[in-house]
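This report describes the architecture of a small set of elements and selected residues. Please consult the sequence and the model alongside the text.

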Amino acid sequence: MAAVQVDDDTRATLKKVKHVDQNVILYPINSKYDPIILNKDNPGRILGKAIYVGFDM
């Protein structure tokens with residue numbers, strides 16, 4: 001699980017990260033969302049590793 005900044009946005013997203021060939025695929029935990037593919041045409045930057053995520057329901 002990593003915090004990732006996508007496409008020079010000022011916000012970050014938390015996603016599972018998988019490296020496949022020259023691409024990085026960001027998988028959401030919520031299945032309602034599609035994966036994001038990062039590559040030279042759609043750049044992104046991994047900001048850090050999430051070590052704990054907690055919230056009340």
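In which loop does D21 lie? D21 is found in the loop between β2 and β3 (23-27).

**Basis of the description**

This is a predicted model, in which local features need pLDDT of at least 70 and side-chain atom pairs count only at pLDDT 80 or more, whereas totals for chains, interfaces and linings use all residues. Residues are numbered from 1 along each chain as its sequence is written, and side-chain values use heavy atoms, with hydrogens and water left out.

**Overall architecture**

The protein contains zero helices and five strands. Helices (H or I, at least four residues) and strands (E, at least two) are DSSP runs, numbered from the N terminus. Read from the N terminus, the elements follow the pattern β-β-β-β-β. The five strands make up an open sheet whose order is β4-β3-β2-β1-β5, with antiparallel pairing; two strands pair if DSSP finds at least two bridges between them. At the edges are β4 (36-38) and β5 (44-49), each of which pairs on one side only. From one strand to the next, the twist averages 45°, where axes are lines fitted to C-alpha atoms, for helices over the stretch in contact, and angles run from 0 to 180 degrees between N-to-C directions.

The C-alpha trace spans about 40 × 25 × 20 Å along its principal axes. Of the 57 residues in the protein, 18% are buried. Buried here denotes under 20% relative accessible area, exposed over 50%, and partly exposed in between (1.4 Å probe, protein chains only). The accessible surface amounts to about 4900 Å², and carbon and sulfur atoms account for 50% of that area. Accessible areas come from the Shrake-Rupley method with a 1.4 Å probe; for residues, only the protein chains shown count as cover.

Among contacts between residues at least 6 apart in sequence, 37% join residues at least 24 apart, a contact being heavy atoms within 4.5 Å.

The protein carries 8 positive and 7 negative charges, and their mean positions are 6 Å apart. For this count Lys and Arg are positive and Asp and Glu negative, while His and the chain ends are not counted; each charge is placed at NZ of Lys, CZ of Arg, CG of Asp or CD of Glu.

**Strand pairing**

Strand β1 (residues 2-6) runs antiparallel to β2 (residues 13-20), and three bridges join the two. On its other pairing, β1 meets β5 in the antiparallel sense over five bridges. Residue A2 takes part in both pairings: its bridge partner in β2 is K15, and its partner in β5 is K49. Because four of its five residues are buried, β1 is largely enclosed by the rest of the structure. Strands β2 and β3 also run antiparallel and are joined by five bridges. The following table lists individual pairs of opposing residues.

| Residue | Opposing residue | Strand of opposing residue |
|---|---|---|
| V4 | T13 | β2 |
| A2 | K15 | β2 |
| K18 | I25 | β3 |
| A2 | K49 | β5 |

**Hairpins and loops**

A hairpin is formed by β1 and β2 with six residues between them, and D7 in its turn has a positive phi of about 60°. The loop between these two strands also holds D9, which is partly exposed with a relative accessible area of 27%. Between the C-alpha atoms of D9 and I36 the separation is 14 Å, although these residues are 27 apart along the chain.

The hairpin of β2 and β3 has two residues between the strands. Within it, D21 shows a phi near 55°, which is positive in a residue other than glycine. Is D21 buried or exposed? D21 counts as exposed because its relative accessibility is 77%.

**Residue I37 in an edge strand**

I37 is placed in strand β4, one of the edge strands of the sheet. With 43% relative accessibility, I37 counts as partly exposed. Which residues does I37 contact, leaving aside its neighbours within four places in sequence? They are N23, V24, I25 and N42. The residue H19 lies 18 residues from I37 in sequence and 9.8 Å from it in space, C-alpha to C-alpha.
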